[in-house]
Amino acid sequence: GEGGAYDLAIPELHNDKPIVAAIPADAIDEDTGEAVGQPLVFIAPADRPEFLSPITTLVHQEQRANPALNSEEAEQVVKSMLGIDESNVSLFTDYVAQSDGNENTEGTADRFEYLHDTARVVASMMG
């Protein structure tokens with residue numbers, strides 16, 4: 001839905017599975033108002049289903065490459081790769097909403113804007 005919102009009931013039997021969103025090529029990118037142009041797949045770790053993005057996909061990939069890592073540890077690895085050292089910036093937060101200085105109460109709007117820009121680049125590379 002609008003803003004990428006979704007409602008997903010996850011049966012308890014399957015709550016250990018990653019969340020996967022298949023984005024069709026004709027989905028509208030709310031940043032541009034245009035179709036995304038290529039099918040995309042976003043993934044979030046099973047224990048962090050609240051937000052899916054190209055960035056959460058990087059966290060999931062880090063966990064797959066290093067199975068000993070939990071999602072928090074994998075998030076820290078990705079944050080380090082992206083040059084983010086603020087503890088109050090989560091890769092599982094809606095970076096579009098948090099990049100609005102009026103909505104962001106922690107003064108990290110610029111870091112979330114950086115994540116938004118980074119997600120655009122990662123999404124373009126995913127195709």
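In which strand is the place of Ile23? Ile23 sits in strand E1, and I shall return to this residue once the overall architecture has been described.

Good morning, colleagues. The structure shown above is a predicted model.

Let me begin with the fold as a whole. The secondary structure of the protein amounts to four helices and four strands. Read from the N terminus, the order of these elements is β-β-β-β-α-α-α-α. Along the principal axes, the C-alpha atoms occupy a box of roughly 35 × 35 × 25 Å. For 127 residues, a compact globule would be expected to have a radius of gyration near 14 Å, and the 15 Å of the protein agrees with that.

Two further global values deserve mention. Of the 127 residues, 33% count as buried. The accessible surface comes to about 7,700 Å², and carbon and sulfur atoms hold 51% of that surface. As for the contacts with a separation of 6 or more, 44% of them join residues 24 or more positions apart.

I turn now to the largest pocket. Its volume is about 960 Å³. The lining consists of 34 residues, and those nearest the centre of the pocket are Gly4, Asp29, Phe42, Leu52 and Tyr95. Which elements give two or more residues to this lining? They are strand E1 (19-23), strand E2 (28-29), strand E4 (40-44), helix H3 (95-98) and helix H4 (109-126). Helix H4 gives the most, with five residues. Sorted by class, the lining has 20 nonpolar, eight polar and six charged residues.

Tyr95, one of the residues nearest the pocket centre, merits a closer look. Tyr95 belongs to helix H3. Is Tyr95 buried or exposed? With a relative accessibility of 7%, which is under the 20% limit, Tyr95 counts as buried. Setting aside neighbours within four places in sequence, Tyr95 is in contact with Phe51, Ser53, Pro54, Ile55, Phe112, Leu115, His116 and Ala119. His116 lies 21 residues from Tyr95 along the chain, yet their C-alpha atoms are separated by 5.8 Å.

Next, consider Val89, in the loop between helix H2 (71-82) and H3. Although placed in a loop, Val89 is buried, with a relative accessible area of 1%. Beyond residues up to four places away in sequence, Val89 touches Glu75, Lys79, Ile84, Thr108, Arg111, Phe112 and Leu115. For Lys79, ten residues from Val89 along the chain, the C-alpha separation is 9.0 Å.

One of those partners, Arg111, lies in helix H4. Why does Arg111 count as buried? Its relative accessibility is 19%, and the class requires a value under 20%, so Arg111 falls within it. Apart from residues up to four places away in sequence, the contacts of Arg111 are Gly83, Ile84, Glu86 and Val89.

For contrast, let us examine Gly37, in the loop between strand E3 (34-35) and E4. Gly37 has a relative accessibility of 60%; exposed means over 50%, and therefore Gly37 is classed as exposed. Gly37 and Ala25 are twelve residues apart in sequence, while their C-alpha atoms are 4.6 Å apart in space.

Finally, I return to Ile23 in strand E1. Its relative accessible area is 21%, so Ile23 is partly exposed, this class lying between the 20% and 50% limits. Leaving out residues up to four places away in sequence, Ile23 touches Val36, Gln38, Pro39, Leu40 and Phe42. The last of these, Phe42, has already been named among the residues nearest the centre of the largest pocket. By comparison, Ile23 and Tyr114 are 91 residues apart in sequence and 22 Å apart in space, C-alpha to C-alpha.

To conclude, the predicted model combines four strands and four helices with a largest pocket of about 960 Å³, to whose lining helix H4 gives the most residues. Among the residues discussed, Val89 is buried, Ile23 is partly exposed and Gly37 is exposed. Thank you for your attention.

Note on methods. Residues numbered from 1 in each chain as written. Predicted model: local features only at pLDDT ≥ 70, side-chain atom pairs only at ≥ 80, totals over all residues. Heavy atoms only, no water. 1 Å grid on protein atoms, 1.4 Å probe; cavity = no way out; pocket = protein on both sides within 12 Å on 5 of 7 lines; lining within 4 Å. Points joined across faces, edges and corners; volume = space filled by probe spheres on them. Nonpolar A, V, L, I, M, F, W, Y, C, P; charged D, E, K, R; others polar. Rg over C-alpha atoms; globule rule 2.2 N^0.38 Å. Buried < 20%, exposed > 50% of the residue type's maximum accessible area, 1.4 Å probe, protein only. Contact = heavy atoms within 4.5 Å. Areas by Shrake-Rupley, 256 points an atom, 1.4 Å probe, with all protein chains shown as cover.
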